[in-house]
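Hi,

Here is the structure I said I would pass on. Have a look at it first, and then read on for what turned up.

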Amino acid sequence: MPKIVVLPGDGIGQEIIPEALKVLKNVISQKQEFTFQEYAIGGTAIDKFGKALPEETLKACQEADAVLMGSIGGPKWDTLPAMERPELGALLPLRKKLNLFANIRPVKIIPALLSASTLKEEVVKNVDLVVLRELTGGIYFGEKGRNTQPPAAYDVLVYTEEEVRRIVELGFQTAQGRKKRLCSVDKANVLESSRFWREITEDVAKNYPDVELTHMYVDNAAMQLVRYPEQFDVIVTENMFGDILTDLASMLGGSIGMLSSASMAGKKGLYEPAHGSAPDIAGQNKANPLATILSAAMMLRYTFDMNEEAERIEKAVIKVLNQGYRTADLASSTEKAIGTKEMGDAVVAALS
Ligand code: NAD
């Protein structure tokens, strides 16, 4: 029986996950039997068990076929020592322990949301790109520390050849299934790790002569993403660059609340919205649940090969947006916003 572990987490994670589950259970109800098991993670787990990633949560995730996660973190836990906080104490170790090295973030414009984008319609209307972000290496995982004489702090950026090769390979394979264009984003004019990344990328490219490879510096990539985003098909990049660029790219589609993501290790995946726990709107029924609902669709497609069901969810999301339903992050000053629960209900209704 396929096993899905559910980790609502903190802040709006507690509100968006129930909506995604509502949709997911509705779509798969007539199909296979799935088991859903909920576990604590992040600040919620610190409060309950004294640890951001309790052993039993980790074990359940290791044994699951897929993990559906909300988001973690929040000001309540910001004063804890760095390694005990939700991000460093749970999110990063979970990614590492599950070996989720490939984070996939698709940015495809939904026509009904063209006016929600902060960019001009003609700039964003044909955007259909995927960012592949390396997720278990780089500066987030290197040695970090402080010196006292003189006072200083450091985070080390390291990539092994294997780490670069496997994400770049996936980048080429993803591009092969799309428009056959891969843009590798680095900072090779300054960083040795980027020059290494570029050398390996060039080497991997020899096996994919059908894919057009380009390299771009990350500062230019940030500019190009708002200047002419249509030029991109697949972007492959390292951990921190991907983190920053995907938040930026989310606004092409109208809101960070629309950006879904899948973090993969083979068929196994962790699916979560790209955004955080949004403490500023938590507990107010204001969060947009669509990124999480779309992440659940990615789960059906990538882990369970349920393409038809995934498409049903994606079509239902487009339908509710076409019908004019908007959460506050998407609504213009003249549009009436609905709440998190109402948006989840609207998607469920649109499934039929
Ligand atoms: P955030 O993504 O939580 O919020 C940024 C802004 O976007 C806020 O104004 C928020 O209200 C808005 N927003 C985010 N998601 C939304 C949604 N679904 N609907 C409507 N509006 C939405 O980023 P932040 O404020 O920098 O971080 C808050 C906390 O989340 C921090 O503790 C951070 O470390 C954590 N975080 C966790 C993850 C994760 O769990 N994967 C990712 C990023 C940040």
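What covers the buried residues of α3? Among the elements that do so are β1 (3-9), β3 (66-71), α4 (86-97) and β12. One thing to keep in mind as you read: this is a predicted model.

The helix itself, α3, runs over residues 55-63, and its buried residues are T57, L58, A60 and C61. They take up an arc of only 165° around the axis, so they sit on the same side of α3.

**The overall layout**

The domain assignment splits the protein chain into domain 1 (1-108 + 254-352) and domain 2 (118-252). Their C-alpha centres are 24 Å apart. Where the two meet, 20 residues of domain 1 are in contact with 24 residues of domain 2.

**The core**

In soluble globular proteins, nonpolar side chains tend to be buried together. Here, the largest nonpolar core has 63 residues, and the ones with the most contacts inside it are L68, M258, L300, I313 and L321. Helix α10 (residues 290-302) gives this core its largest share, eight residues. Both domains take part: the core draws at least three residues from each of domain 1 and domain 2.

If you want one residue to click on in there, try I313. Not counting residues up to four places away in sequence, I313 touches V23, L24, V27, I293, A297, L300 and L351.

**Helix α9**

Does the length of α9 come out right or wrong for a helix of twelve residues? At 1.5 Å a residue, α9 (residues 239-250) should span 16 Å, and its end C-alpha atoms are 17 Å apart, which agrees. Its buried residues are N239, F241, G242, L245, T246, A249 and S250. Looking down the axis of α9, these fall within an arc of 150°, so they line one face of the helix. They pack against quite a list of elements: β4 (102-108), β5 (128-134), β8 (181-186), α7 (192-205), α8 (218-227) and β10 (234-237).

The N-terminal end of α9 has a cap, E238, which places a side-chain oxygen 2.8 Å from the backbone nitrogen of M240.

L248 is in α9 too. With a relative accessibility of 28%, L248 counts as partly exposed, because buried means under 20%. Leaving aside neighbours within four places in sequence, L248 is in contact with A222, L225 and V226. The last of these, V226, is 22 residues away along the chain, yet the C-alpha atoms of L248 and V226 are separated by 8.4 Å.

**Two buried polar residues**

Have a look at N288, in the loop between β12 (268-273) and α10. Its relative accessibility is 4%, so N288 counts as buried. Which side chains does the side chain of N288 make polar contacts with? One is that of T327, at 3.5 Å, and another is that of D329, at 3.1 Å. Setting aside residues up to four places away in sequence, N288 touches I16, G257, M258, H275, T327, D329 and L330. M258 also appears among the core residues with the most contacts.

Then there is S260, in strand β11 (residues 260-265). S260 has 5% relative accessibility and so counts as buried. Beyond its neighbours within four places in sequence, S260 is in contact with I104, R105, P106, E272, A291, L294, S295 and M298. E272 is twelve residues from S260 along the chain, and their C-alpha atoms are separated by 6.4 Å.

**Backbone spots to check**

A few places in the loops are worth a click:

- The peptide bond from Q149 to P150 is cis, with omega near -5°. P150 lies in the loop between β6 (144-147) and β7 (152-155).
- N99 is not a glycine but has a positive phi, near 60°. It sits in the loop between α4 and β4, and at 36% relative accessibility N99 counts as partly exposed.
- A278 also has a positive phi, of about 40°, without being a glycine. This residue is found in the loop between β12 and α10.

That's the tour. Happy to go through any of it together.

Best wishes

Technical notes. Residues are numbered from 1 along each chain as its sequence is written. This is a predicted model: local features need pLDDT of at least 70, side-chain atom pairs count only at pLDDT 80 or more; totals for chains, interfaces and linings use all residues. Side-chain values use heavy atoms; hydrogens and water are left out. Helices (H or I, at least four residues) and strands (E, at least two) are DSSP runs, numbered from the N terminus. The expected span of a helix is 1.5 Å times one less than its number of residues. Buried means under 20% relative accessible area, exposed over 50%, partly exposed in between (1.4 Å probe, protein chains only). The arc is that of the directions from the helix axis to the C-beta atoms. Contact means heavy atoms within 4.5 Å. A polar contact is a pair of N or O atoms within 3.5 Å; within protein, one must be able to donate a hydrogen and the other to accept it, and residues adjacent in sequence count only if both atoms are side-chain atoms. A nonpolar core is a set of buried Ala, Val, Leu, Ile, Met, Phe, Trp, Tyr and Cys residues joined through side-chain atoms within 4.5 Å. Domain bounds come from an automatic or database domain assignment.
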